[in-house]
Amino acid sequence: IELSHANIRKLFEVTGGNQGLTTRYVYSVEGLRIMDDKVPHPCRPGQTSRWMPTECSDKGTSIKPKTLEAFQSLFEKSSDDNPFMRDILFPKQNLKCDRSDRTK
């Protein structure tokens, strides 16, 4: 389910909408930024990261080819079929990011 304003409202209404204990609340946050270093880097072995599809290319990026190839491989092999976001587990072995990308 896309978390659009209309769908959030519909979910609220079909679950009772202030009428009882079955009401389900869904909140959305836009523009949330990570402001500290407590979130582990997605290249960390055993780390799961969440990705949202966007229209972009690797032109002009400072990410090294080794890192791009690693994540391209993970996306292609992913069994997560959610069209709006995908959870990616970085493996503990056999795949590495470029060392210089671990600080970006």
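Q: What makes the meeting of the T67 and D101 side chains a polar contact?
A: Happily, this one is quick to check: in this predicted model, the side chains of T67 and D101 are joined at 2.5 Å. The cut-off for a pair of N or O atoms is 3.5 Å, and 2.5 Å lies within it, so the pair counts as a polar contact.

Q: How do you know whether T67 is buried or exposed?
A: Its relative accessibility is 5%. Buried means under 20%, so T67 counts as buried. This residue lies in helix 2. Leaving out residues up to four places away in sequence, T67 touches C43, C97, D98 and D101, and D101 is also its partner in the polar contact.

Q: Which residues form the largest nonpolar core, and what makes them a core?
A: There are seven of them: C43, A70, F71, L74, I88, F90 and C97. Such a set needs buried residues of nonpolar kinds, joined through side-chain atoms within 4.5 Å, and these seven are the largest set of that sort. Helix 2, residues 65-77, gives the most to this core, with three residues. As background, nonpolar side chains tend to be buried together in soluble globular proteins.

Q: Which residues does F90 touch, not counting those up to four places away in sequence?
A: The list includes C43, A70, F71, L74 and C97, which are also members of the largest core. F90 further touches P42, R44, P45, G46, Q47, L95 and K96. Contact here means heavy atoms within 4.5 Å.

Q: Why does the pair R50 and D87 count as a salt bridge?
A: The nitrogen-to-oxygen distance between their side chains is 2.6 Å. The rule asks for a Lys or Arg nitrogen within 4 Å of an Asp or Glu carboxyl oxygen, so R50 and D87 meet it. By this rule the count comes to one salt bridge. R50 lies in strand 1 and D87 in strand 2, so the pair ties together parts that are 37 residues apart in sequence. In general, side chains of opposite charge can pair when their charged atoms come close.

Q: How exposed are R50 and D87?
A: R50 has a relative accessible area of 54%; exposed means over 50%, so R50 is exposed. D87 has 34% relative accessibility, which falls between the 20% and 50% limits, so D87 counts as partly exposed.

Q: Where is T48, and what is it in contact with beyond its neighbours within four places in sequence?
A: T48 is in strand 1, residues 48-51. With those neighbours set aside, T48 is in contact with D87, I88 and L89. From C-alpha to C-alpha, T48 and I88 are 5.4 Å apart in space, although 40 residues apart in sequence. At 42%, the relative accessible area of T48 lies between the limits of 20% and 50%, so T48 is partly exposed.

Q: Why is N94 called exposed?
A: Its relative accessibility is 80%, and exposed means over 50%, so the label fits. N94 sits in the segment after strand 2 (86-89). Its phi is near 70 degrees, a positive value in a residue other than glycine.

Q: What is the order of the elements from the N terminus on?
A: They run α-β-α-β, with two helices and two strands in the protein. Of the 104 residues, 15% are buried.

Terms used
Residues are numbered from 1 along each chain as its sequence is written. Side-chain values use heavy atoms; hydrogens and water are left out. Buried means under 20% relative accessible area, exposed over 50%, partly exposed in between (1.4 Å probe, protein chains only). Helices (H or I, at least four residues) and strands (E, at least two) are DSSP runs, numbered from the N terminus. A polar contact is a pair of N or O atoms within 3.5 Å; within protein, one must be able to donate a hydrogen and the other to accept it, and residues adjacent in sequence count only if both atoms are side-chain atoms.
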